[in-house]
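Here are my notes on this model, set down as numbered points for you to check against the coordinates. I begin with a single residue pairing and work outwards from there.

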Amino acid sequence: NEVKIMRIVVPDENLANQALQQLRAGADFSSVAKDISIDRVLEKGAESKYLARGFGDPRVGGDPALEEAIFALNPGQISDVIKTQEGYQIIKVTDKKKVKKDIALSEVEDYINSIIQYRRSKQMLDSVLTTLKTKAKISQRPDAFFK
């Protein structure tokens with residue numbers, strides 16, 4: 001499959017949630033994008049070219065979670081707020097087409113392995129961070145700065 005998308009990128013989660021409410025209430029996606037999006041790739045509510053599976057490959061700086069969220073949508077559907085490295089995103093799929101090309105496993109094996117490795121490392125890092133946060137004992141002693 002390949003998809004065309006429009007997106008809104010904002011730096012703040014509250015602003016993203018407000019925009020999502022407006023969109024779900026019937027606001028025009030491109031108008032909201034023109035008003036608030038800080039997207040430098042699809043500026044002013046522009047539509048993307050067709051994106052094929054694999055653009056979220058972490059080896060080229062992509063985000064597999066974002067790619068999966070996009071490909072789960074049907075044309076006309078709007079995503080929930082998605083947290084990414086660029087900011088908080090709302091995606092609208094404007095078109096989706098099937099690509100008739102059959103792909104051999106050998107052609108996508110490295111990509112699939114990189115996604116699995118990315119997910120495992122993210123889970124491991126999240127686990128380590130959670131453990132460190134629960135074990136950390138932080139005490140604030142302002143008087144220590146004035147000795």
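1. The starting point is T84, which stands opposite G87 of strand β4. The model is a predicted one, and this pairing should be read with that in mind.

2. The strands concerned are β3 and β4, which run antiparallel and are joined by 3 bridges. They belong to an open sheet of 4 strands, in which the order is β2-β1-β4-β3 and the pairing is antiparallel. At the edges of this sheet lie β2 and β3, each of which pairs on one side only.

3. Helix α3, which spans residues 64–71, has P64, L66, E67, I70 and F71 as buried residues. Viewed down the axis of α3, these buried residues fall within an arc of 160 degrees, and therefore they line one face of the helix.

4. What, then, covers the buried residues of α3? The cover includes the strands β1 (2–10), β2 (51–52), β3 (82–84) and β4 (87–97), together with the helix α4 (105–135).

5. At the start of α3, a side-chain oxygen of D63 comes to within 3.0 Å of the backbone nitrogen of A65, a contact that may be worth viewing alongside the buried face described above.

6. Two results concern aromatic rings. The charged end of K97 sits over the ring of Y50, at 4.1 Å from the centre of that ring, whereas a search of the whole structure for aromatic pairs finds 0 of them.

Notes
Residues numbered from 1 in each chain as written. Predicted model: local features only at pLDDT ≥ 70, side-chain atom pairs only at ≥ 80, totals over all residues. Heavy atoms only, no water. Phe/Tyr/Trp six-rings, centres within 6.5 Å; stacked < 30°, edge-to-face > 60°. Lys NZ or Arg CZ within 6 Å of the ring centre and 35° of its normal. Buried < 20%, exposed > 50% of the residue type's maximum accessible area, 1.4 Å probe, protein only. Helix = DSSP H or I, 4+ residues; strand = E, 2+ residues; numbered from the N terminus. Arc of directions from axis to C-beta. Contact = heavy atoms within 4.5 Å. Polar contact = N/O pair within 3.5 Å; in protein donor to acceptor, adjacent residues only side chain to side chain. Pairing = 2+ DSSP bridges.
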